[in-house]
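Reader: I would like to know how the labels used for a structure are justified. Please take them one at a time.

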Amino acid sequence: MKKTVDLEDNAVAQAVAGEHDDHLKILERALGCRITQRGTVVILEGGQRQVDKAVAAIEELVTVIRGGRPLNAAMVESLTEIAVSTNGRAAEVYGDIVWSHRGRQIGPRTVNQKRYVDAIRANTITFGIGPAGTGKTYLATAMAVAALAAKTVGRIILTRPAVEAGESLGFLPGTVLEKVDPYFRPLFDALYDMIDGERLNALMDKGEIEVAPLAFMRGRTLNDSFIILDEAQNTTPEQMKMFLTRLGFGSRMVVTGDVTQIDLPGGRQSGLVTVSDVLGQIADISFISFDHRDVVRHKLVQRIVAAYKEHADRRLEAINGDTRQAG
């Protein structure tokens, strides 16, 4: 089967093709059909199903390009997966700009990420649970910065439990902030991506952005705040309850974590594992789950996450099989 799509605009056609036709090559690999371009006309050849999917994917790419978002190879891969694999509307996902800084637009890149930012907008408390690299903390931070800029909240509070990931940092000199800096470096990195350094320091000095260990939340009521609890898999159920009950008027909470990376000592139970059973049916609380398809780092990271999940599933199946035989 053969179809043609006339893009009717040289700039759009160049953006769809990419440098050295790199974008067309990505589309060919993902869609299983032959794609060539002559001027503004894209020619698609292959099976009917593959060609129809290719037409849909190209239409979504064109919508994103005309919306003003520049394309790169990683975005084309993600857009194609959204349009084809999940049957989602890629333009709706990529058209949601959460925050812009120095010409860089920050927003969802997968269907689950779009559900996540929509859930944060619609709910007072949102849980984002899934593997590393899925944008849980980064998107939550962008939402918080946007809320502070729009003056819908008066401050941002970023917190996480000070639990070491399998290795001891030993004694750390300096102030409290200097002591916890290694634990909070990912949060600071995200903030520096979204706010100029001088401005960020001024906001922290004024208390409009606060970064503190989870233990510092005890006894407080957090009003008019956008509060993010990161690495929540390393909270106990008691700590999780303590954090959630800090919620004050005019505030919004986002809780992020990965239940496959629990670093609690002595095999203690994670508060993130149990919280959905406790709060899953309460209105105004949302739970969004991510998987390896939502990893927006290097494609190899996506495959690594998927491989570890498959390995863990096989081990669990083997353990369950041994248990059944013993019984």
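Author: What follows is a set of questions about labels in this predicted model.

Reader: Why is Arg155 called partly exposed?

Author: The relative accessibility of Arg155 is 22%. Buried means under 20% and exposed means over 50%, so Arg155, at 22%, counts as partly exposed.

Reader: Why is Arg160 called buried?

Author: Arg160 has a relative accessible area of 8%. The cut-off for buried is under 20%, so Arg160 is buried. Arg160 lies in strand 7, as does Arg155.

Reader: What makes the pair Arg155 and Ser225 a polar contact?

Author: Their side chains make this contact at 2.7 Å. The limit is a pair of N or O atoms within 3.5 Å, one able to donate a hydrogen and the other to accept it, so the pair qualifies.

Reader: Which side chain does Arg160 join through a polar contact?

Author: That of Glu231, at 3.1 Å. This value also falls within 3.5 Å, so the distance condition is met.

Reader: How do you know that strand 6 and strand 10 pair?

Author: Five bridges join strand 6 (residues 125-129) to strand 10 (residues 252-257). Pairing needs at least two bridges, so these strands pair. They run parallel, and Ile125 stands opposite Met253 in strand 10.

Reader: What makes strand 8 and strand 11 edge strands?

Author: The open sheet has six strands in the order 8-7-9-10-6-11, with parallel pairing. Strand 8 (209-213) and strand 11 (285-289) each pair on one side only.

How values were computed: Residues are numbered from 1 along each chain as its sequence is written. This is a predicted model: local features need pLDDT of at least 70, side-chain atom pairs count only at pLDDT 80 or more; totals for chains, interfaces and linings use all residues. Side-chain values use heavy atoms; hydrogens and water are left out. Helices (H or I, at least four residues) and strands (E, at least two) are DSSP runs, numbered from the N terminus. Buried means under 20% relative accessible area, exposed over 50%, partly exposed in between (1.4 Å probe, protein chains only).
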